[in-house]
Amino acid sequence: MSVLLALKFLMATVPFAAQGFGMENPDAQPTETCCPIIELRQYTLHPGQRDVLIDLFDREFVESQEALGMKVIGQFRDLDNSNRFVWLRGFLDMPSRAQALKDFYGGPVWKAHREAANATMIDSDNVLLLHPATPTSGFWFGNKERPRAGANEARSELIVATIYYFDAPVDAGFVEFFERTVKPAVIGSGATVLAFLVTEHSENGLRAWPVREGENVFVWFARFNDAAAYERHIAALTQYPRWRGEILKELARRLKREPEILKLSPTTRSLL
């Protein structure tokens with residue numbers, strides 16, 4: 001079963017290599033993107049344990065999950081909370097998610113390392129279940145390769161996840177507003193928008209692996225070369241009259257509360 005899942009996932013998420021997309025024209029708009037189902041996972045850890053978990057995760061939990069049909073999209077240190085580890089995991093669909101989770105957490109790799117992993121954690125249930133807001137708004141990696149196991153090169157990039165909260169499921173009107181108004185403004189001020197996702201409302205059905213129920217969110221991810229580039233981006237936005245006026249007012253009107261912003265530093269082996 002695990003081999004079939006892995007092959008099915010591979011066929012669904014890397015059509016570009018077979019068709020030549022992303023190689024002849026690297027600026028081409030992707031027609032398919034990684035991962036129809038995505039988990040945004042935020043773990044609260046015991047003080048001083050984050051690097052312990054990251055070393056274990058990057059060594060043992062990347063290829064072992066992907067062999068079962070999952071995609072480890074990114075692993076991060078939260079720069080605003082030294083006891084928080086954030087990561088993204090993707091799936092082909094909800095049924096294959098259920099099977100892959102059962103296979104991994106019932107398999108030999110997790111059994112061998114679960115005590116060490118769990119010893120670092122206070123809470124691992126802060127999980128948002130998401131899917132791309134449009135057919136082309138998911139993560140796209142093209143031919144990018146993950147840094148090898150054992151690599152220790154420092155990463156300077158900053159990934160910023162912005163979470164918008166709503167009283168009801170995100171509608172097409174907000175997605176259009178983001179695409180036509182918010183996205184051009186943040187790109188114009190120096191952000192590279194990587195993906196934008198909304199809540200997946202399918203029944204989780206997995207008591208052992210809970211997700212946050214009753215949430216209605218829109219999450220967008222941006223990349224910056226480093227923390228200084230992000231600060232320049234914020235400064236540029238605050239000086240943009242349309243952002244200060246029309247855009248922020250429209251966001252305040254639509255959102256149920258202030259956005260949650262995660263400033264994330266990729267681990268050495270993070271694909272994102």
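This passage walks through the aromatic rings of a predicted model and the charged side chains placed over some of them.

Aromatic pairs are a good place to begin, and the structure holds 23 of them. One of these involves Phe-139 and Phe-141, whose ring centres lie 6.5 Å apart. Their planes meet at 10 degrees, so this pair is stacked, planes under 30 degrees apart being counted that way. Both Phe-139 and Phe-141 are buried.

A pair with another geometry is formed by Phe-174 and Phe-218, which is edge-to-face. Here the distance is 5.1 Å from centre to centre, with 80 degrees between the planes. Phe-174 belongs to helix α7, which covers residues 172-188, and Phe-218 to strand β7, which covers residues 217-224. The pair therefore ties together parts that are 44 residues apart in sequence. Phe-174 has a relative accessibility of 1% and so counts as buried, since the cut-off for that class is under 20%. Phe-218 is buried too, with a relative accessible area of 0%.

Ring pairs also build up a cluster, and readers exploring the structure can look for its members by name. Tyr-43, Phe-57, Phe-61, Phe-85, Trp-87, Phe-104, Tyr-105, Trp-110 and Trp-209 are linked in this way.

Finally, arginine side chains come into the picture. Arg-257 lies over the face of Tyr-165, at 3.7 Å from the ring centre. Arg-254 is placed over the face of Phe-177, and there the distance to the ring centre is 5.4 Å.

Conventions: Residues numbered from 1 in each chain as written. Predicted model: local features only at pLDDT ≥ 70, side-chain atom pairs only at ≥ 80, totals over all residues. Heavy atoms only, no water. Phe/Tyr/Trp six-rings, centres within 6.5 Å; stacked < 30°, edge-to-face > 60°. Buried < 20%, exposed > 50% of the residue type's maximum accessible area, 1.4 Å probe, protein only. Helix = DSSP H or I, 4+ residues; strand = E, 2+ residues; numbered from the N terminus. Lys NZ or Arg CZ within 6 Å of the ring centre and 35° of its normal.
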